[in-house]
Structures are given as C-alpha cells and as structure tokens.
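Visitor: I would like a close look at a single part of this structure, and at how that part fits into the rest. Could you walk me through it?

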Amino acid sequence: MNATVESKSVSFDVRTHRFNYASFFFTGLTGAATYLIVAILVIILGNIAIKGWSHFNWHFLTGGTEKMFDVDTAGILPMIVGTTIRVILMTMFVVPTGVITAVYLTEYAHNTSIFTRIIRGAVNNLAGVPSIVFGLFGLGFFIEFIGKDMDAILHAGGTAPVWGKPAMIWASLTLAVMTLPVVIVATEESLRAIPQGLREASLALGATKLETILKIVVPQALPGILTGAILAIGRAAGEVAPILFTGAAYYMADMPHSVTDQFMDLAYHVFILSTQSPNVEQTRPILYATVLALLMLTFTLNIVAIFIRSRMRAKMHALQ
Amino acid sequence: MGLARGHKARPAEWIGEKLIFLISLSAIVVVFLIFIFVTREAIPIIVGGTGNSATNAIIHVSDMDKVPAEQLRNYLQLTPDEFRTKSHDTLQLLVELKEEAAKDASQDKDAAIDTTSWRYMLRPYQWTDYEKPEYIWQPVSQVRKFNIIPLLIGSLKVTLVALLFSVPVSLAAAIYVSQLANARMREMIKPAIELLSGIPSVVLGFFALIVMASFLQGIFHYTSRLNAFVAGIALGLAVIPVVFSIAEDALTSVPRSYVQAALALGSTKWQAAWKVVLPAALPGVFAAVVLGFGRAVGETMVVLMASGNASIMSWNILDSTRTITATIAAELAETVTHSPHYRILFMIGVILFLITFLSNLAGDLVMHRLKARLEGRR
C-alpha cells in the first residue's frame, strides 16, 4: 500500500500555513462543473420520468398502433417487439465475431507486431465512425450489393425484391458492425484480467493451447463477454441513424413475420412522434411515455453491465 | 504416432486456430468495406459530375413505348414500386408533364448546367433570379443546386458550439474527479457520467427539441427557436462523456508519485493537479478533445431534431442550420436510388467518414504515445 499524503484541506498551503484562495477557487470551479453535469443528467431523467409516468401503463405498453397519434389508444407493442428482435439478431452476429477477435488479440497476437497494431487501429476507428455512415454502408453494401445479388440468384424473374430492400436482417447486421468494437474491448479487458497462472496450469497438465482457451480462459471471461454483449445491446437499442435506411418502418399494419420484413422501432418512433406529430401538444403524453420506455430499456441494460463489470473488477483485484 | 509435429499432429486444432485468425480480421475488413461501398455509390460525383442538366435527353410521348422500362423509370425518377403500380396512362401523363417542364426549363440559362460537377458543389454561382453569386443547397427544384459549403459550415458551427460548451466543463470535471474529489465521491460521480453516455442520442434530440429549445429561447430571446446554438448545447451533452472519460483516464494514468512529490514539497492538491498532473497528461487531454470533435461532427439525431434544418449560408449561430449528417438522414429516404441527389448524399458521407477517420487516427496516435511515455517505455 502506498501511503497517500492527505493535506487537511485541498486548499491549505503547508509552506505558508495560510489558506490558498486560488486553490480554493479553482477546486470549487471544477467541482461546480462536475455537479453541473450531474445536475443536467438529473434534470433530463427527472423531466422524462415525471412527465412520462402518467401515461406509462400496461395498456400503453401492450397496445397496437392502429392510430399512431391518438392519445387514448396508441400503444407501443409493435415497436418493443421490433426493437427486441433486431437487437437479438444483432447479438447473434456480433458476439461470436467480437469474442473470437478478442481471443486472437489477447491469446495469439504478438503485441508488438505491426499486424496487431493494424487490427487495433481498425477496431478503434470503427468505434469512431459516425452512425449515419453505418446507415449509408448498410444501404450501399447489404441492400444494394448483397441483397440485390441474392435476389438475382435466388428469386430470378421475381418482380418484387425480397432481399434487396430495407429489412430486419440488414438493420441487425448494420448494427452488429457498429457494435463490434464494444464487444471486442469488453471481452479483451476480461481476458487480460485472467491470471497467467491459470493458463500455465492448464498447459502443464497437457492441454493444448486451443483446449486451454476453450475450457479455461473463455469460461473465466464469461462475465466480461456478458458485459460486452449487454453494452452493445444498450447502445444498439437506442440508435436510429443506422436503421433509418436499412429496415425501420414509419408504420406497419402487421408485426414482422420474417427477417426480410421491415419493422417498427422504439427509438425511431421517438423520432417520429417528436418531429412528425400533427399536434405536438396533444401527443406529448405518448411521446414522453415512449421516451420513458426507451430510457428504461437502455438504462436497465447499462446499469446491469456496470454492475457486472464492477463485481468482475473487484474479483480480479482479489485474485491478484 | 506422436512423432507428427505442427499442424499435422492435430489438424482440427490447426484449422480452429486459423479460423480464429481469419475472424479476427473482420474489423479490418469491415473498415475497408465501409470505405469502399460508401465511396462506390459516390464515384460518378467524385470523378466529375453525373450530367444531370435538366435539358438533356427528353423522351417524347411517341417514343415512350420504345425505350426500355428501366430507362423510362429512371427518366421519370420513380422507385420500382411506384413504377409498377402506375397505369400506362398515368405514365404517359408524367412523360408529357416532364416534357413541358423541360421546355420551360430550357428558357432558364442554368438548365444546361451539370450541377453535380465540383465547380457548382464548391464555388458560389449566380443562378437565374439571384442578385449575386451564392452558395445554395437546394436539391428539390427545377434546377437542382448542390453546393455543399452551407452544409460544411453548418456542421462546423454546431460542432464548435458543442465543443466550446462541453470541453471546458468535461475537462474541469475530469480534473476534479481524478485529482481533487475524495474516493467516495469519485465512486458516485463516475457511474453517473457513464450513465449520461448511455442516453440514446434520439432522446437527447427529443429533450433539446421539446424542453431545451423553449427554455433557452426564453433566456436569450432569439428569433428562430431551433438553431445551431440549441443543437450545439444538446450535442455537447453527447460529447461530455467522451471527453470526460478519455481525459479522466489520461489524468489517472499519471503516476501517483508525481502528485505525492508535489504534495511533499508543500503544494496544495489543486497546484499539484494544475502544475504537475495536467502538463504530464496534456497529450491525453488533446486526444480527448480530438475524439470529442469526431463524435460531435458525426452525431446525427441530435442535430437532425434540434438544429432547425434550414441550409442557410450563414455564420450566425442563432440561425437555423443544417449539418452534413442531418442532410443525409433527412434526404436519403426521399431520393431515387442512383439518382444524382442520392450519389451526392453518399459523397458527403465519404467526406464525413474521412473527417472522423483522420481525427480518430490523430487522437489514437497521441494517446498511444502518452501511454508509452508514462509507462516509461521511451
């Protein structure tokens, strides 16, 4: 343990035994900035919770959308279903890919090789690509390139496009590409936290490297993988820009039946209700309640992820 | 038995490891694919125009049945669904209307211009009925005008407001949380700011549009309720967690012994933070700002909902504004696939991708060097 030097007050100058006013002032200023951020967060959440709660009931959560802007009957069940399916599909694509990439980076790659640095650079860059560019990519690659080609091969002669149009599968794949770095980074962190001794013990007992990874390393890293998956879902559930052109629908009479259908989406619905409502004042209760539903979804996911991660970190601390 | 070495000993394992390697390339492949496929749609624009002048290639009603259906559909700028559902008579009517419009247009001296060439996308031009050369983005009109300068300035304006608001606040908070606050406080504040990053941008946009816009207008009394200022402040809320977490990380990674030495010499905690820790972590702070810039330029939903969406050429932050991202989001769904407008939107997507790519690269490089230096590797 390092002994930390704690002065009595952050602004007490021990040389002169005087109160240092400049230090006091700047400590207060930076503290004020910190609490400003927390206050803004509280205001946003409080405003949404209070105004959204009055309309937030079972009837609203399970209602359909025959009349989208009608305060009394409008519900959000189709959006909840759409959002749920799209994030589940996304998870199926992104978790295996992300975990395997993280395994390669921590277990196989040489940290100094130029090649590893390129992979890391690509992951970092992917994390910074604007979400609307993912939308363009989804349209240009999945729909216009892969989808159109699939139609030409599988449904040659058909009139209506089956794959070459916005669809749930393309939206999910676009989101999977977007959240890949989230899963990689979270998994890598948990893989690195596993003591080297565990791997060595396994190898010493005669297991091969791949066996060690599959039976010792990855099971130990499961909490981290779970954290990554949950963070990815939380991020994806609230994104609108990548699905604008790749699958989200303004209105659909039916629930989606297959992965090639379009879908209604909770986050996109927030956008529609806030910008295209015929009467903003009147539809405000549905808008607030929809925002509350979306926030509850993403926040629950985020809080669970933060909780698992902090427990995992505490455990790793204890091990070392 | 047992003598085989390398991949011959355990072929399944060898294949498994090669597969792991191949899948780990996906991140690189994806970055390349993004660049290639977004650029692919924009190539005709990049190499110099699509020949979209309003006068060329009129299809007369008499020739209507002779041209291929696909060409007719493109000519009328219909989506395949629309084209299929329209009767022959409706199509004929549309062709006649188009011909008349083209006749009207040919009296406009600008009709013959290919407005998708670089000259008209970047430099001001005096269009018919305008008094002086101007920068105009007006993709839906008789002569489609695609000058991207107003959009670039819009993005820059909103981003500047967002950074001016969020950078000082989040850097101050990062210094406070990493150096000045006690441990218990730190444990409470950090998750709170992490939660802020968990708010979806569409919710921030909603909050800016419904609550903040009226609130700020009540204080500052400007004319247009939605403008670059409102969008910038809301965007700042999305940028704060990015700048905060990177700056806080950089400040925390400065060895504790630096602070202890300063305190032992009699400095206050603030003096140690300001004169010792901050200079040591300065590259990291720079990286935080650069990455915050990348986030701000690329954010879509907040600016789409709160900036007012008028592509006016103006440096005034209290004017309604339209950014690159909002333009793509608002207009792409309305365009016909592979039309000039569609391609231009992909082209500004490429510009956006390059801007964020370069800023992320710069931020990462700086952060990498800082870590290496603080860990004593050079």
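**A helix residue and its surroundings**

Guide: Gladly! Let us start from one residue, B:Ile153, which lies in helix α7 of chain B. Please keep in mind that this is a predicted model.

Is B:Ile153 buried or exposed? B:Ile153 counts as buried, because 20 C-beta neighbours lie inside 10 Å, and 20 or more is what the class requires. Leaving out residues up to four places away in sequence, B:Ile153 touches B:Met313 and B:Trp315. Another residue of the chain makes a useful reference point: B:Glu96 is 57 residues from B:Ile153 in sequence, and the two C-alpha atoms are 40 Å apart in space.

The domain assignment of chain B gives domain 1 (6–46), domain 2 (61–146) and domain 3 (150–374). Between the centres of domain 2 of chain B and domain 3 of chain B, taken over C-alpha atoms, there are 40 Å. The contact between these two takes nine residues from domain 2 of chain B and 10 residues from domain 3 of chain B. On the domain 2 side, the residues touching domain 3 of chain B are four nonpolar, three polar and two charged.

Back to helix α7, which spans residues 149–180 of chain B, and on to α8(B). Helix α8 of chain B runs over residues 183–197, 15 residues in total. From first C-alpha to last, α8(B) reaches 22 Å, close to the 21 Å expected at 1.5 Å a residue. Which residues of α8(B) are buried? They are B:Ile189, B:Ile193 and B:Leu196. These three cover an arc of only 40 degrees around the axis, which puts them on the same side of α8(B). On the other side of α8(B), the exposed residues are B:Ala183, B:Arg184, B:Glu187 and B:Met188. And what covers the buried residues of α8(B)? The cover includes α7 and α10 (228–252) of chain B, together with α1 (21–53) of chain A.

Two threads lead on from that cover. One follows α10(B) into the nonpolar core. The largest such core has 194 residues, and those with the most contacts inside it are B:Ala208, B:Ala234, B:Val243 and B:Val302. Its largest share, 18 residues, comes from α10(B). B:Ala234 touches B:Leu204, B:Gly205, B:Phe207, B:Ala208, B:Met212, B:Val302 and B:Ala306, again not counting residues up to four places away in sequence.

The other thread follows α1 of chain A to the interface. Here 75 residues of chain A are in contact with 75 residues of chain B. Several elements of chain A each supply at least two residues of the side that touches chain B, among them α1, α3 (77–108) and α11 (280–319). The largest share of that side, 15 residues, comes from α1(A). By class, the side of chain A that touches chain B has 46 nonpolar, 26 polar and three charged residues. Chain A itself is divided into domain 1 (12–51) and domain 2 (62–319), with 36 Å between the two centres, taken over C-alpha atoms.

Finally, let us step back to chain B as a whole. Chain B has 16 helices and two strands. Of the 378 residues in chain B, buried residues make up 44%. Among the contacts in chain B with a separation of 6 or more, 76% are between residues 24 or more positions apart.

Note on methods:
Residues numbered from 1 in each chain as written. Chains lettered and ligands numbered in written order. Predicted model: local features only at pLDDT ≥ 70, side-chain atom pairs only at ≥ 80, totals over all residues. Helix = DSSP H or I, 4+ residues; strand = E, 2+ residues; numbered from the N terminus. Expected span 1.5 Å × (residues − 1). Buried ≥ 20, exposed ≤ 12 C-beta atoms within 10 Å, placed from the backbone. Arc of directions from axis to C-beta. Contact = placed C-beta atoms within 7 Å. Nonpolar A, V, L, I, M, F, W, Y, C, P; charged D, E, K, R; others polar. Domains from an automatic or database assignment. Core = buried A, V, L, I, M, F, W, Y, C linked by C-beta atoms within 7 Å.
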